[in-house]
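Please open the structure in your viewer and keep the selection tool at hand. The tour below proceeds from one selection to the next.

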Amino acid sequence: MNPRLSYFQSLGQTNYLDPGNPDDFSSYSAVFVECGLFYSFVKNKKVEITLNAGPSGVFGNSSYLEMVAYDGNGNKTQERFNNEHITNMAYFTDLEFSWGKRKVVNTLAIKATGMYIYPEFLGIVYKIGFRL
């Protein structure tokens, strides 16, 4: 069993189809509560490759620019943002590559979390650990 807690915050993004449009903004943040199983399918003295998978609770919010109004001269007169709270069950999968000396372990992980068929969040994580 592998319980964990993680946090994600986007830095704000614009529409990738029209990146020069200042009137298209969204931001996302969430806490992930996860508990899954892991299996090491390669394990020797130099390297360990592990697959982690299990359910994930996603608790966060999404903010985006909903409406912009302009006057007759093209000046922006009003903006309205929408904030949606998100509470969903999802799944996670990780592929981890660990290496290191006796006391210090380095890990590089490819992470994917999704609520439907395909993953909505992809990430690469570097971790350093200490053997006790």
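Select strand β6 to begin: in this predicted model, β6 supplies four residues to the nonpolar patch, the largest share. Next, extend the selection to W99, L108, I110, I124, Y126, I128 and F130, and display the surface; together these residues form the nonpolar patch, with about 780 Å² of accessible area. Two elements each give two or more residues to this patch, namely β5 (104-114) and β6 (121-130).

Within the patch, centre the view on I124, which lies in strand β6. Is I124 buried or exposed? Its relative accessibility is 68%, and I124 therefore counts as exposed, the cut-off being over 50%.

Now move to T113, in strand β5. T113 has a relative accessibility of 8% and so counts as buried, since buried means under 20%. Which residues does T113 touch, when those up to four places away in sequence are not counted? Select F32, E34, S56, A90, Y91, F92, P119, E120 and F121 to display these contacts of T113.

For the last stop, turn to the largest pocket, which holds about 360 Å³ of space. Select E48, E96, S98, V105 and T107: of the 16 residues that line the pocket, these lie nearest its centre. Colouring by strand is helpful here, as a guide to the lining. The elements giving two or more residues to the lining are β2 (26-43), β3 (47-70), β4 (76-100), β5 and β6. The tour thus returns to β6, which gives the most to the lining of the largest pocket, with four residues.

Terms used
Residues are numbered from 1 along each chain as its sequence is written. This is a predicted model: local features need pLDDT of at least 70, side-chain atom pairs count only at pLDDT 80 or more; totals for chains, interfaces and linings use all residues. Side-chain values use heavy atoms; hydrogens and water are left out. Patches are made of residues with over 30% relative accessible area and no salt bridge: like charges are joined within 9 Å, nonpolar side chains (Val, Leu, Ile, Met, Phe, Trp, Tyr) within 5 Å. Accessible areas come from the Shrake-Rupley method with a 1.4 Å probe; for residues, only the protein chains shown count as cover. A salt bridge is a side-chain nitrogen of Lys or Arg within 4 Å of a carboxyl oxygen of Asp or Glu. Buried means under 20% relative accessible area, exposed over 50%, partly exposed in between (1.4 Å probe, protein chains only). Contact means heavy atoms within 4.5 Å. On a 1 Å grid over the protein atoms alone, a cavity is a set of points where a 1.4 Å probe fits but cannot get out, and a pocket is an open set with protein on both sides within 12 Å along at least five of seven lines; lining residues have an atom within 4 Å of a point. Grid points are joined across faces, edges and corners, and a volume is the space filled by probe spheres set on the points.
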